[in-house]
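Here is a short report on side-chain contacts and strand pairing. Please keep the sequence and the model side by side while you read.

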Amino acid sequence: MQLAAGHGGRIHEQTFRKWTWKFIELIGDLEEDVIVWEHRYRGDRGKQCKVTVDCVDFRILEHKPFWGGWKSHEHGGPGLRYEIAVSIEQGDVVWWNGPFSCGRFQDDVIFKQSLTHMLDLCEMVEADLR
């Protein structure tokens, strides 16, 4: 694979942005085919726990004016939190939810708002909801 570049081997910033966003959009379009909630049944052995779930904090730039609701205790600055569920048997990402402001939404609140309603009767998850 060969990359096309301008003078001096550099890629123009606008060209880079244009193509980067095209790739981001194409990858985003794959979500429906790749992150599928029903995939938690792949390799199912009849156990009550099909997925493990946790939240992940991602750093963001400081918003102005400052608001304490953005603060992530995980990395000490502003951030967004996403909930991710992974199939225990196959390791597939089967669920994501977010973004949420780190300082305002704790893991258990996020879980109770949506993922808990997706579970089958008597289905459980493996989680660290602190």
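## Side-chain contacts

The charged end of lysine 22 sits over the ring of tryptophan 19, 5.7 Å from the ring centre. A charge counts as over a ring if NZ of Lys or CZ of Arg is within 6 Å of the ring centre and within 35 degrees of the ring normal.

The model is predicted: local features need pLDDT of at least 70, side-chain atom pairs count only at pLDDT 80 or more, and totals for chains, interfaces and linings use all residues. Residues are numbered from 1 along each chain as its sequence is written, and side-chain values use heavy atoms, with hydrogens and water left out.

**Aromatic pairs**

The structure holds 5 aromatic pairs. Rings of Phe, Tyr and Trp (its six-membered ring) pair if their centres lie within 6.5 Å; planes under 30 degrees apart count as stacked, over 60 as edge-to-face and the rest as tilted. Tryptophan 67 and tryptophan 70 make an edge-to-face pair, 5.5 Å centre to centre with 90° between the planes. Tyrosine 82 and tryptophan 96 have ring centres 6.0 Å apart and planes at 40°, so this pair is tilted. The tilted pair links distant parts of the chain: tyrosine 82 is in strand S2 (residues 79–87), tryptophan 96 is in strand S3 (residues 93–101), and they are 14 residues apart. Helices (H or I, at least four residues) and strands (E, at least two) are DSSP runs, numbered from the N terminus. Phe58, Tyr82 and Trp96 form one aromatic cluster.

How accessible are these rings? Tryptophan 67 is partly exposed at 38% relative accessibility. Tyrosine 82 is partly exposed at 22%, and tryptophan 96 is partly exposed at 34%. Buried means under 20% relative accessible area, exposed over 50%, and partly exposed in between (1.4 Å probe, protein chains only).

**Salt bridges**

A search of the whole structure finds 8 salt bridges. The criterion is a side-chain nitrogen of Lys or Arg within 4 Å of a carboxyl oxygen of Asp or Glu. The table gives three of them.

| Acid | Base | Closest N to O |
|---|---|---|
| Glutamate 13 | Arginine 17 | 2.5 Å |
| Glutamate 89 | Arginine 45 | 3.2 Å |
| Aspartate 107 | Arginine 81 | 3.9 Å |

Glutamate 13 and arginine 17 both lie in helix H1 (residues 13–29), 4 residues apart, about one turn of the helix. Glutamate 13 is partly exposed, at 48% relative accessible area.

Where do glutamate 89 and arginine 45 lie? Glutamate 89 is in the loop between S2 and S3, and arginine 45 is in the loop between helix H2 (31–34) and strand S1 (49–59), so the pair ties together parts that are 44 residues apart in sequence. Glutamate 89 is partly exposed at 26% relative accessibility. Arginine 45 is exposed, at 64%.

Aspartate 107 is in helix H3 (residues 107–113) and arginine 81 is in strand S2, 26 residues apart. Are they buried or exposed? Both aspartate 107 and arginine 81 are buried.

A network of salt bridges links Arg40, Asp120 and Glu123.

**Strand pairing**

S2 and S3 run antiparallel and are joined by 6 bridges. Two strands pair if DSSP finds at least two bridges between them. Glutamate 83 has asparagine 97 in S3 as its bridge partner. S2 and S3 form a hairpin with 5 residues between them. In the turn, glycine 91 has a positive phi of about 80°.
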